[in-house]
Amino acid sequence: MNNEGQNETNQVVAEALRPYGTSIFTEMSVLANAHGAVNLSQGFPDFDGPEAIRNKAAEAIKRGPNQYVLSYGIPALREALARKMERFYGISVDPETEITVTGGATEGLCATLLGILEPGDEVILLEPSYETYAPVSAMAGAKIRYVSLEGPEFALPKEKLAEAFNPRTKAIMINNPQNPCCKTFTREELSYIGELCIQYGAYAIGDEVYEHLVYDGREHATLLTIPELKDRCFVISSTAKTFSMTGWKIGYVIAAPALSRAVRMSHQFIIFCGQGPLQEAMAFAIDFPDGYYRELLADYTKKRNRLSDALASLGFQVFPTAGTYYLLVDIRSLGFDDDVSFCRMLTEKAGVAAIPCSCFWNNRSRGRELVRFCFCKKDETLDEAIKRLTAFLGN
Ligand SMILES: Cc1ncc(COP(=O)(O)O)c(C=O)c1O
């Protein structure tokens, strides 16, 4: 696009969105395709979820109806989600008043933030932070306060967080397990956040899309089980990662009835409702026996170890992955210090795409030493990526 075209675009795009540009995930996937690279950038599997789920959806589409469903989700899916919350976390959730089915976690995030924020409210984001939080908060007219997690532990910086809270704080986003740090927050950290929320009358918004990908015997601590946050939190999750169907975009928000009302108010005007036949298939999937969830975790544990060992033997400093399906590495151990040019070079010359992590910070001079690889890929895809990386970086 020439400068004139660019200027025109800048005038058309809403001011709140202008600082954000094209998503890095789109950018890296386009670059990966252009160079025939193995795409370990955007976090989607190169295999589909169980055939039984796809058959259920196909049956439901053939049988119909294929019409609008209840705005906050079909009863069968909300009831399955309520059973799941009882089964995995021992908590009772009312499917009628406390669960809203959304268009992926992404729309759940939008519905929640747009449903509760007023212009001038403040939202606290823990950096590095997933790319949806800041632009959507900005679209709602909120001011963002960033608090940085510092490696290698990425522990909650309690003092800095306490300084960021103030009477205008409306919400804090907590991504647990955290993408891209791949850490899980401890109950103690979450209770500390809960105390601050109580003190300032703020809400905690949990993005828990990787809730079933928590490794090495750890247990996922959903915000809904943190006593301080029980009636002050919105928990957003998704079926995308757990059932390897990222393209279906079925997510949900769980929150106390008064909070769920705010989510449903905005959700009805964003998308109105999701896709009935796919919701029906996901209701079936969520009730899969524990063995399904155990096997998913066992498979991903092997993939994590396979890629992590290979990256470490190539000389990367690899951070431990406690949750998610990503591996975070420090490229300085290989003599590089600019994540964006490193990822471009890797895609174009080595034929492997990864995500430069500075995009997860507001100040892009941060995180330039960090690169994220995803391991939600077939073993042969990971092996091909390892082969290419070894050929390029091996010496
Ligand atoms: C932290 C986080 N939140 C939300 C999403 C998006 O979830 P969905 O596809 O259900 O909208 C992703 C996808 O990668 C993610 O990593």
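Which element gives the largest share of the lining of the largest pocket? In this predicted model, that element is α6, from which 4 residues of the lining come. Helix α6 spans residues 133-139, and it is listed together with α1 (3-12), α2 (24-34), β3 (122-127) and α12 (339-350) as elements that each supply at least two residues of this lining.

The largest pocket itself holds about 720 Å³ of space, and 33 residues line it, of which Pro19, Tyr20, Gly21, Thr22 and Arg364 are the closest to its centre. Sorted by class, the residues of this lining are 17 nonpolar, 10 polar and 6 charged.

The ligand, however, is found in the second largest pocket. Around the ligand there are 13 residues, and those that come nearest are Thr106, Asp207, Ser238, Lys241 and Lys249. By class, this shell is made up of 5 nonpolar, 5 polar and 3 charged residues, and the element that gives the most to the shell is helix α5, residues 104-116, with 3 residues.

Several polar contacts can be followed from the ligand to individual residues. An oxygen atom of the ligand lies 2.6 Å from a polar side-chain atom of Thr106, a residue that is also listed among those nearest to the ligand. With Ala105 the partner is a polar backbone atom, at 2.8 Å from an oxygen atom of the ligand, whereas Asn179 places a polar side-chain atom 2.9 Å from a ligand oxygen. Taken on its own, the ligand has 400 Å² of accessible area, and the protein covers 93% of this area.

Technical notes: Residues are numbered from 1 along each chain as its sequence is written. This is a predicted model: local features need pLDDT of at least 70, side-chain atom pairs count only at pLDDT 80 or more; totals for chains, interfaces and linings use all residues. Side-chain values use heavy atoms; hydrogens and water are left out. A residue is near a molecule or strand if one of its heavy atoms lies within 4 Å of it. A polar contact is a pair of N or O atoms within 3.5 Å; within protein, one must be able to donate a hydrogen and the other to accept it, and residues adjacent in sequence count only if both atoms are side-chain atoms. Accessible areas come from the Shrake-Rupley method with a 1.4 Å probe; for residues, only the protein chains shown count as cover. On a 1 Å grid over the protein atoms alone, a cavity is a set of points where a 1.4 Å probe fits but cannot get out, and a pocket is an open set with protein on both sides within 12 Å along at least five of seven lines; lining residues have an atom within 4 Å of a point. A molecule sits in a cavity or pocket if more than half of its atoms lie within 2 Å of its grid points. Ala, Val, Leu, Ile, Met, Phe, Trp, Tyr, Cys and Pro count as nonpolar, Asp, Glu, Lys and Arg as charged, and the others, Gly among them, as polar. Grid points are joined across faces, edges and corners, and a volume is the space filled by probe spheres set on the points.
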